[in-house]
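I opened a new notebook page for this structure. My plan is to look things up one at a time and write down what I find.

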Amino acid sequence: MPEQVLVTPAALEEPWGQQIVQRLQGLNLPIQELPRNRLTGLRGETERETYDIAKRTLALVTAPASQFKLSPIPPSADWQFHIAEGCPAHCQYCYLAGSLQGPPVIRVYANLPQILANLAQYESPNRDTSFEVSCYTDPLGIEHLTGSLAESIRYFGTRQQGSLRWVSKFDAVEGLLDLPHNGRTRCRVSINAAPVSKRMEGGTASVANRLRGLRQLAEAGYPIGLVIAPIMPIEDWEEHYEALLNQISDALDFDGRLAEFNLTVELISHRFTPGSKTALQAWYPHSKLEMDEQNRVIKRNKFGGIKYVYDRDTMQSLKQFFEQQIGRRFPKAKILYWT
Ligand code: SF4
């Protein structure tokens, strides 16, 4: 639950924004209507203080025009779109650090119907086109405040060629189980070995509960997925990741019917950029997260940006381990990518 809710005048004009305000009022959250369509006054004395204020603030705003021009998001999906930006959790490696501008306020978009209506033009007429909605937020983590994930699932339930993908570290799936999803939405949970999930993922649901939620979604007929991320060669990593894979097998053991379920796996190794490192060190000054450039190699993207990844041998042994283990335990599951 956020501690403060800020609403811009433009957001209040939107019927979907009014629906969200009603929800928030029903939860007895203090709502402040802003005089202008700008968020101000959210900076503290230090970066850490700014972070604290921002993470406890939900702002209901309208998505800017730039968001109506979608970007591709390989290898996860064809396109990304956004129903919100920011997340209430506190992962010490958060991949949003350094990619969002300004304090990490949770911005929820009030003009959802327009955002959804904009997507159809990006659908390819002769093949399935996938849309990722969790690049800048954890959509399930704020669903009780917005209803926007459910609305997106309903929308994709009506599409022939478009499909939705989302991923979460939360578990409150009840409101999604009876939706007319029509198999057009793949629900994934992001999970990690216990030393990472227990020490570095503040404010999220436990891995056991995420897997329980995923199972409920599978039983409700959704295609499902596992995103194992960020994979780190922590001390005794084989043992810890094997324990995680055992936990997954147990949680998704549908009385031997696992093969009937449509399961995908995505494998993402840990990486950081100069910008994300600076932001994360200010947000989590006591974190034990390893971000030593000396231990990494540089990977460049086509725009000249750099990120620090593990060296080739480390990558190779991690990749091999997961491919073998997953192939043995979940032979029907499709590994979508390793990165
Ligand atoms: S759940 Fe995802 S978006 Fe939220 S803090 Fe953790 S890594 Fe960041």
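**Entry 1: helix α6**

I started with what the buried residues of α6 pack against: α2 (15–26), α4 (112–117), β9 (129–132), α5 (143–146), β10 (162–168) and β11 (185–191). I noted that this is a predicted model. Helix α6 spans residues 148–157, and eight of its ten residues are buried. I listed the buried ones as Ser148, Leu149, Ala150, Ser152, Ile153, Tyr155, Phe156 and Gly157. The helix is mostly covered, then.

**Entry 2: strand β11**

Next I took β11, one of the elements that α6 packs against. Why do I call β11 largely enclosed by the rest of the structure? I call it that because seven of its seven residues are buried. I then checked the two faces separately. On one side, Thr185, Cys187, Val189 and Ile191 are buried. On the other side, Arg186, Arg188 and Ser190 are buried too. Side chains alternate between the two faces of the sheet in a regular strand.

I looked up the strands that pair with β11. β10 pairs with β11 in the parallel sense, over five bridges. Tryptophan 166 has cysteine 187 of β11 as its bridge partner. Strand β13 (residues 224–231) also runs parallel to β11, joined by five bridges. Here isoleucine 191 is partnered by isoleucine 228 in β13.

**Entry 3: the largest nonpolar core**

I looked up the largest nonpolar core and found 102 residues in it. Which members touch the most others? They are Phe81, Trp166, Leu176, Ile228, Tyr241, Ile248 and Phe322. I followed up isoleucine 248. Beyond its neighbours within four places in sequence, isoleucine 248 is in contact with Ile191, Leu211, Leu226, Ile228 and Phe330. As a general note, nonpolar side chains tend to be buried together in soluble globular proteins.

**Entry 4: cysteines**

How many disulfides does the structure hold? I found zero. Cysteine 135 is in no disulfide, and its nearest cysteine sulfur, that of cysteine 94, is 12 Å away. Cysteine 135 counts as buried because its relative accessibility is 13%. Cysteine 187 cannot form a bond either, because its closest cysteine sulfur, in cysteine 135, is 16 Å away and too far. Is cysteine 187 buried or exposed? Its relative accessibility is 1%, so cysteine 187 counts as buried.

**Entry 5: around the ligand**

I listed what surrounds the ligand: Lys55, Cys87, Ala89, His90, Cys91, Cys94, Tyr95, Leu96, Asp138 and Lys169. By class, I have six nonpolar, one polar and three charged residues in this shell.

I picked alanine 89 from the list. Alanine 89 sits in the loop between β6 and β7 (90–91). With 3% relative accessibility, alanine 89 counts as buried. Leaving out neighbours within four places in sequence, I found alanine 89 in contact with Tyr51, Lys55, Phe170, Gly202, Gly203 and Thr204. Lys55 is also one of the residues around the ligand.

**Entry 6: other strands**

I turned to an open sheet of five strands. Its order is β2-β1-β3-β8-β6, and the pairing is mixed. The edge strands, β2 (31–33) and β6 (84–85), each pair on one side only. Within the sheet, β3 (residues 57–61) and β8 (residues 106–109) pair in the parallel sense over four bridges. Valine 61 stands opposite tyrosine 109 there.

Then I checked β15 (residues 297–300) and β16 (residues 306–309). These run antiparallel and are joined by four bridges. Lysine 299 faces lysine 307 in β16. The hairpin has five residues between the strands, and glycine 304 has a positive phi near 90 degrees.

**Entry 7: backbone details**

I noted a cis peptide bond joining proline 74 and proline 75, with omega about 0 degrees. Proline 75 is in the loop between β4 (71–73) and β5 (77–80). The bond from alanine 229 to proline 230 is cis as well, with omega near -15 degrees. Proline 230 belongs to strand β13.

Which way does phi point in asparagine 28, positive or negative? It is positive, near 60 degrees, in a residue other than glycine. Asparagine 28 lies in the loop between α2 and β2, and at 69% relative accessibility it counts as exposed. Aspartate 236 also has a positive phi, about 55 degrees. I placed aspartate 236 in the loop between β13 and α9 (237–251). Its relative accessible area is 47%, so aspartate 236 is partly exposed.

How values were computed:
Residues numbered from 1 in each chain as written. Predicted model: local features only at pLDDT ≥ 70, side-chain atom pairs only at ≥ 80, totals over all residues. Heavy atoms only, no water. Near = heavy atom within 4 Å. Nonpolar A, V, L, I, M, F, W, Y, C, P; charged D, E, K, R; others polar. Disulfide = S-S within 2.5 Å. Buried < 20%, exposed > 50% of the residue type's maximum accessible area, 1.4 Å probe, protein only. Helix = DSSP H or I, 4+ residues; strand = E, 2+ residues; numbered from the N terminus. Contact = heavy atoms within 4.5 Å. Core = buried A, V, L, I, M, F, W, Y, C linked by side-chain atoms within 4.5 Å. Pairing = 2+ DSSP bridges.
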